[in-house]
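Biologist: Let's go through this model and test each term against its cut-off. Ready?

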Amino acid sequence: MNLLNLDTSELTLHRYPSTNDPNLQAWDAADEYLLSELTAEQLQTAAAQGAILILNDSFGALACGLANYQPISICDSLLSQEATRRNWQTNELENHPLHLQDMLAPLPAAPSLVIIKVPKTLAMLEYQLLRLRDVVTPDTRIIAAGKVKEIHNSTLALFEQILGTTKTSLARKKARLIYTQVEDRPAIVNPYPTIWPLDNTDYQIANHANVFARASLDIGARFLLENLPRQKRGVMVDLGCGNGVLGLMALEYNPEAELLFLDESYMAVASSQLNVEQNRPQDLARCRFQVGHSLNGIDSNSIDVILCNPPFHQLQTITDDIAWQMFRDAKRCLKRGGELWIVGNRHLDYHIKLKRLFGGTECIASNSKFVILRTINR
Ligand SMILES: C[S@@+](CC[C@H](N)C(=O)[O-])C[C@H]1O[C@@H](n2cnc3c(N)ncnc32)[C@H](O)[C@@H]1O
């Protein structure tokens, strides 16, 4: 289950965070297809000619598989980076340098090979191809891969419009490869971060390409915004901050609180920072922005209020594991009397989980789709 067999070696790969679901692996058929497509000779030549870039490696299967060729693994997820670090160690690859960088950092010039796992959204793919376009050359080999059902005409059209002529392989185990020849294409302006106005305010909300609710306010977040706590003091956390819209309004309603914006996505945290800088620069001094996994690394008994619209995905997988972890961490990190405020779809039954952990929970508001729950750490 955790063993990926390659032509000349095998890798032991685990997801991070780990899961009890035996059907979830740390790699997929697209990873296997990519790794089987590139011969050792091609990889050696590529490594000698320039950087090898890997984009959107979920748990490090590609980076570990190509460890001999010093790839640079680039993604937006701290969890993917952590999975890669752990799998690197598990497979005793420490004698190879591990290069990890986030997608907002500058890309190396003239890479020889770019390997792309097609990301979940077209927006992220568009952003990544536009960034690549600034550094690739006609000699850069570009190979992408994804599940057949995730590769649409619109996916291929982006490769074609931004980088050059694009073809696909036959499907293998429901995965497909995409090959693009870099050519001259008319310039396209990078539209990210995109901006939308927040109703009933003067705020303009900026969103980097991979951010949740990139195109408009999430309806769950809208409901929580209407019911945010006010006049709280101490440390408030916008946990899983996305573009930071909850924390931004919390700054306005809680002038004496400090705000920590926390997310595992680099683009989310960068968007939150941009949104405070541009909409409430007077409050920057009482804000912190941190890329992190749930509340890992945050002191116990140190937080007064946590606001959270919990995630229901990890990468492509629908799961409430991360929400659960956030609730457990909230229990550890809240001071006595500290409050956890959650918005969730009614059918998710968060109140059952919260009751189990905290002993009770209060419904602050509800409508036909959502509930807002407040739980006090006693
Ligand atoms: C439902 S979205 C809410 C975003 C924003 N607060 C809003 O209401 O529009 C959940 C957020 O949790 C973040 N997230 C997912 N897993 C996380 C983790 N392990 N640690 C921290 N944040 C995480 C996602 O990147 C996403 O931004």
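Biologist: What makes the pair between Asp263 and the ligand a polar contact?

Modeller: A polar side-chain atom of Asp263 lies 2.7 Å from an oxygen atom of the ligand. A polar contact is a pair of N or O atoms within 3.5 Å; within protein, one must be able to donate a hydrogen and the other to accept it, and residues adjacent in sequence count only if both atoms are side-chain atoms. The 2.7 Å is within 3.5 Å, so the pair qualifies. This is a predicted model, so local features need pLDDT of at least 70 and side-chain atom pairs pLDDT 80 or more, while totals for chains, interfaces and linings use all residues. Residues are numbered from 1 along each chain as its sequence is written, and side-chain values use heavy atoms, with hydrogens and water left out.

Biologist: Which atoms of His293 and Glu264 face a nitrogen atom of the ligand?

Modeller: For His293 it is a polar side-chain atom, at 2.9 Å. For Glu264 it is a polar backbone atom, at 3.3 Å. The ligand alone exposes 590 Å², and the protein buries 93% of that. Those areas come from the Shrake-Rupley method with a 1.4 Å probe; for residues, only the protein chains shown count as cover.

Biologist: What puts a residue around the ligand, and which come nearest?

Modeller: One of its heavy atoms must lie within 4 Å of the molecule, a rule also used for strands. There are 17 such residues, and Gly240, Asp263, His293, Ser294 and Asn309 come nearest.

Biologist: How many of that shell are nonpolar, polar and charged?

Modeller: Nine are nonpolar, six polar and two charged. Ala, Val, Leu, Ile, Met, Phe, Trp, Tyr, Cys and Pro count as nonpolar; Asp, Glu, Lys and Arg as charged; the others, Gly among them, as polar. Asp263 in the nearest group therefore counts as charged.

Biologist: Now the sheets. Why are strand 14 and strand 19 called edge strands?

Modeller: Take the order of this open sheet of seven strands: 14-13-12-15-18-20-19, with mixed pairing. Strand 14 (287-291) and strand 19 (362-366) each pair on one side only. Neighbouring strands are turned by 15° against each other on average, direction ignored. Strands (E, at least two residues) and helices (H or I, at least four) are DSSP runs, numbered from the N terminus.

Biologist: How do you know that strand 12 and strand 15 pair?

Modeller: Two strands pair if DSSP finds at least two bridges between them. Strand 12 (234-239) and strand 15 (303-308) have four bridges and run parallel, so they pass. Val237 stands opposite Ile306 in strand 15.

Biologist: What does helix 9 touch in that sheet?

Modeller: Helix 9 (266-279) packs on strand 13 (257-263) and strand 14, at about 165° to strand 14. Contact means heavy atoms within 4.5 Å. Axes are lines fitted to C-alpha atoms, for helices over the stretch in contact, and angles run from 0 to 180 degrees between N-to-C directions.

Biologist: What is the strand order in the other open sheet?

Modeller: It is 5-4-3-6-7-9-8, again seven strands with mixed pairing. Strand 5 (99-102) and strand 8 (166-168) have a single partner strand each, so one side of each lacks a neighbour in the sheet. The twist averages 20° from one strand to the next. Strand 8 joins strand 9 (175-181) by three bridges, antiparallel. Thr166 stands opposite Thr180 there.

Biologist: Which helix runs at about 175° to strand 5?

Modeller: Helix 4 (78-90), which lies across strand 4 (72-75) and strand 5. Helix 1 (29-37) lies across strand 6, strand 7 and strand 9, at about 50° to strand 9.

Biologist: What makes strand 10 and strand 11 a pair?

Modeller: Four bridges, in the antiparallel sense. Thr194 has Asn207 as its bridge partner. The two strands form a hairpin with six residues between them, and Asn200 in the turn has a positive phi of about 60°.

Biologist: Where are the cis peptide bonds?

Modeller: One joins Tyr16 and Pro17, with omega about -5°. Pro17 sits in the loop between strand 2 and helix 1. Another joins Tyr192 and Pro193, with omega about 0°. Pro193 is in the loop between strand 9 and strand 10.
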